Amino acid sequence: MLVLLALVAFAANSLFARAALRGAEAAPAMYTLVRLASGAIVLGVLVARRPRETVPSPAPRTSYGGAVALVVYAIAFSAAYVRIDTGLGALLLFGAVQLTMQGATVLRGDRPRLSHWIGLALALGGLVVLVRPGASAPPVAAAAAMITAGVAWGAYSLLGRGVPDVLGATRDHFVRGTGLMVVVAALWPGSRWISPIGVVLAVASGAVASGLGYAVWYAALRQISSATAALLQLAVPPLAALGGVVLLGEALTLRLGLSTALVLGGIALALHASRTASPR
């Protein structure tokens, strides 16, 4: 249930960003700043109101690594979605996440079974079906930004494993990330504008889909492997596309249905392989 909630939140982030950035309701840096600031406020309230017995003692220190990874992901994500198609952007984003998290898994000495890799290939094939044929090649700068966002998100997810105070760490990352984004927004030319609709979308993304969603994701990461976490995130592009059909009036196509079936089927196969693997 934690994973399901987190994936829905991630898909909602794509929808909010598409509505705000492609609709010219905000500059990428200002949208990201409001998003992180609203997330920091909500997380601060949750940390302050949680039961005292749930707080680790002594409180562990958090580093700036997670905050930097969060900011790099968030600003690159926003900048890319100004010029890149939603489906193709999701493919680049989560493809980069796969390379980052699966690479880290292999470097640590884990060796997933063959059926795990087959499931991964099937799921990635579903993402390709979602954006090809007919999708135009993205601008090089936008594609590079989305790949950077994927690498940063993979790093952020890996840094979250083993964190004893999940909620407190996420709060700290958003607070520090907001401070970093103030500097980025001040140095980014033409970044200081956002419409009322842009503010609403950024707050919804930051307070609900990002702040609460990332806290839930960090909690889920303590119970699943890095390889499983990376695979599960492949469900986000189909979820976002389906959300576009329901909420944004986009067309429901056979390609979308086939892609969803391939992605979810591949995830199911890979998860089954992970559960049935015998300990070494």
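Is Arg171 buried, exposed or partly exposed? Arg171 is partly exposed, because its relative accessible area is 25%, and partly exposed lies between the 20% and 50% limits. This model is predicted. Three topics follow: a salt bridge, a helix pair and a surface patch.

**Salt bridge**
- The count of salt bridges comes to one.
- Arg171 and Asp172 form a salt bridge.
- Their closest N and O atoms are 2.7 Å apart.
- Arg171 has a relative accessible area of 25%, whereas Asp172 has a relative accessibility of 18%.
- Asp172 therefore counts as buried, since buried means under 20%.

**Helix pair**
- Helix α7 covers residues 166-187, and helix α8 covers residues 196-221.
- The two helices pack at an angle of about 135°.
- Their axes are 9 Å apart.
- Why do α7 and α8 count as oblique to each other? The angle is about 135°, and roughly perpendicular ends at 115 degrees while roughly antiparallel starts over 145, so α7 and α8 are oblique.
- The crossing of α7 past α8 is right-handed.

**Nonpolar surface patch**
- Met1, Leu4, Val8 and Leu239 make a nonpolar patch on the surface.
- The patch is about 410 Å².
- Leu4, one of these residues, sits in helix α1.
- Helix α1 spans residues 2-22.
- Leu4 has a relative accessibility of 48%. Exposed requires over 50%, so Leu4 counts as partly exposed.

Notes
Residues numbered from 1 in each chain as written. Predicted model: local features only at pLDDT ≥ 70, side-chain atom pairs only at ≥ 80, totals over all residues. Heavy atoms only, no water. Patch = residues over 30% accessible without salt bridge, like charges linked within 9 Å, V, L, I, M, F, W, Y side chains within 5 Å. Areas by Shrake-Rupley, 256 points an atom, 1.4 Å probe, with all protein chains shown as cover. Salt bridge = Lys/Arg side-chain N within 4 Å of Asp/Glu carboxyl O. Helix = DSSP H or I, 4+ residues; strand = E, 2+ residues; numbered from the N terminus. Buried < 20%, exposed > 50% of the residue type's maximum accessible area, 1.4 Å probe, protein only. Axes fitted to C-alpha atoms, helices over the stretch in contact; angles between N-to-C directions. Parallel < 35°, antiparallel > 145°, perpendicular 65-115°, else oblique. Left-handed = near helix turned anticlockwise from the far one by under 90°.
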